[in-house]
Amino acid sequence: MVHGQGGFKFQNWARTYGSSPELFFQPTSVEEIKEILDLARQRSKRVKVVGGGHSPSDIACTDDFMVQMGKMNKILKVDEEKKQVMVEAGILLSDLNVELSKYGLALPNLGAVSEVAAAGVIGTGTHNTGIKHGILPTQVVALTLLTASGEILECSESINVEIFQAARLHLGCLGVVLTITFQCVPEFYLLETTFPSTLQEVLDNLDSHLRRSEYFRFLWFPHSENVSVIYQDHTNKVRPRPLQP
Ligand SMILES: Cc1cc2nc3c(=O)[nH]c(=O)nc-3n(C[C@H](O)[C@H](O)[C@H](O)COP(=O)(O)OP(=O)(O)OC[C@H]3O[C@@H](n4cnc5c(N)ncnc54)[C@H](O)[C@@H]3O)c2cc1C
């Protein structure tokens, strides 16, 4: 029987939003999540799932039932030939990145932080930069969704296609994402080059900057003209990794 904790206070990472869920769950299996949904249905409660809790909004907040997916964080399958990885939806990207490296694989693009969950980053359309790169949901080739009625839907570009397209950027509204399969690329290294410029120069030459660097971004210092331009590009000049303590 699944156990829900009362009196739990949820706060997002920046502590700008929070809520007091009536019951807080950390399931370890799909069966437990189904039990939570059954209980919610019996008591007419809404269920909200939370990943890393990093969203700078109230998108993961609820006063009803909160389901934290941190214990469902396994790597289920690595297909080295297709360069695809199937994971449980609660895995943190910080853990996934380390595991992928063991297979010489990597996600093609990442947001700024890694203490975020696989289902959380796709659910809000997390992005990084680079004109050639899509948002993180574009790296998803398949996922499994548990709907409110307890049905499990396999979704991909060939199965449940319309649901797949919506569920890749689910906003926490379509059910519980159980598993995700990501398309990876061979592991790579980036060389970062940073130089100062002005906001005017960057805006005037935006197309050129975007063409010149695969992962181009710039940081503007408010109330000034100053800008820091950052180029990151693939490199073979690899420094040896620091020894692990
Ligand atoms: C310091 C910082 C830096 C950031 N940098 C970037 C950046 O560079 N680029 C960018 O685009 N964004 C950035 N973000 C935003 C962040 O990437 C997103 O908010 C992302 O969704 C956080 O992932 P999470 O696992 O914490 O999601 P959560 O906040 O936990 O959840 C996000 C949404 O997904 C739902 N959800 C989570 N897991 C499941 C599941 N298994 N099933 C169904 N629904 C689920 C939640 O209900 C919620 O609706 C940053 C945020 C912070 C705090």
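How much space lies in the second largest pocket? In this predicted model, the second largest pocket holds about 380 Å³ of space. Of the 17 residues that line the second largest pocket, L37, R46, V47, K48 and A148 are the closest to its centre. By residue type, the lining of this pocket divides into nine nonpolar, four polar and four charged residues. Helix 1 (30-43) contributes at least two residues to that lining, and strand 4 (47-50) likewise supplies at least two. Seen by domain, the lining of the second largest pocket takes at least three residues from domain 1 (10-68) and at least three from domain 2 (75-186).

It helps to place the pocket within the chain as a whole. The protein chain is divided into domain 1 (10-68), domain 2 (75-186) and domain 3 (190-235). Taken over C-alpha atoms, the centres of domain 2 and domain 3 are separated by 29 Å. Seven residues from domain 2 and five residues from domain 3 take part in the contact.

Strand 4, met above in the pocket lining, also belongs to a sheet. Three strands form this open sheet with parallel pairing, in the order 3-5-4. Its edge strands are strand 3 (23-25) and strand 4, each of which pairs on one side only. On average, and with direction ignored, neighbouring strands of this sheet are turned by 20° against each other. Strand 3 and strand 5 (residues 65-68) run parallel and are joined by three bridges. In strand 5, V67 is the bridge partner of F25. Helix 1 packs on this sheet and touches strand 3, strand 4 and strand 5. The direction of helix 1 makes about 170° with that of strand 5. Helix 1 thus appears twice in this account, in contact with the sheet and in the lining of the second largest pocket.

A further sheet can be described towards the end of the chain. Three strands form an open sheet in the order 13-15-14, and here the pairing is antiparallel. Strand 13 (189-198) and strand 14 (215-220) stand at the edges with a single partner strand each, so one side of each is left without a neighbour in the sheet. From one strand to the next, the twist averages 20°. Strand 13 and strand 15 (residues 226-235) pair over 10 bridges in the antiparallel sense. As one example of bridge pairing, L191 has D233 as its bridge partner in strand 15.

Definitions and conventions
Residues are numbered from 1 along each chain as its sequence is written. This is a predicted model: local features need pLDDT of at least 70, side-chain atom pairs count only at pLDDT 80 or more; totals for chains, interfaces and linings use all residues. Side-chain values use heavy atoms; hydrogens and water are left out. On a 1 Å grid over the protein atoms alone, a cavity is a set of points where a 1.4 Å probe fits but cannot get out, and a pocket is an open set with protein on both sides within 12 Å along at least five of seven lines; lining residues have an atom within 4 Å of a point. Grid points are joined across faces, edges and corners, and a volume is the space filled by probe spheres set on the points. Helices (H or I, at least four residues) and strands (E, at least two) are DSSP runs, numbered from the N terminus. Ala, Val, Leu, Ile, Met, Phe, Trp, Tyr, Cys and Pro count as nonpolar, Asp, Glu, Lys and Arg as charged, and the others, Gly among them, as polar. Domain bounds come from an automatic or database domain assignment. Two strands pair if DSSP finds at least two bridges between them. Axes are lines fitted to C-alpha atoms, for helices over the stretch in contact, and angles run from 0 to 180 degrees between N-to-C directions. Contact means heavy atoms within 4.5 Å.
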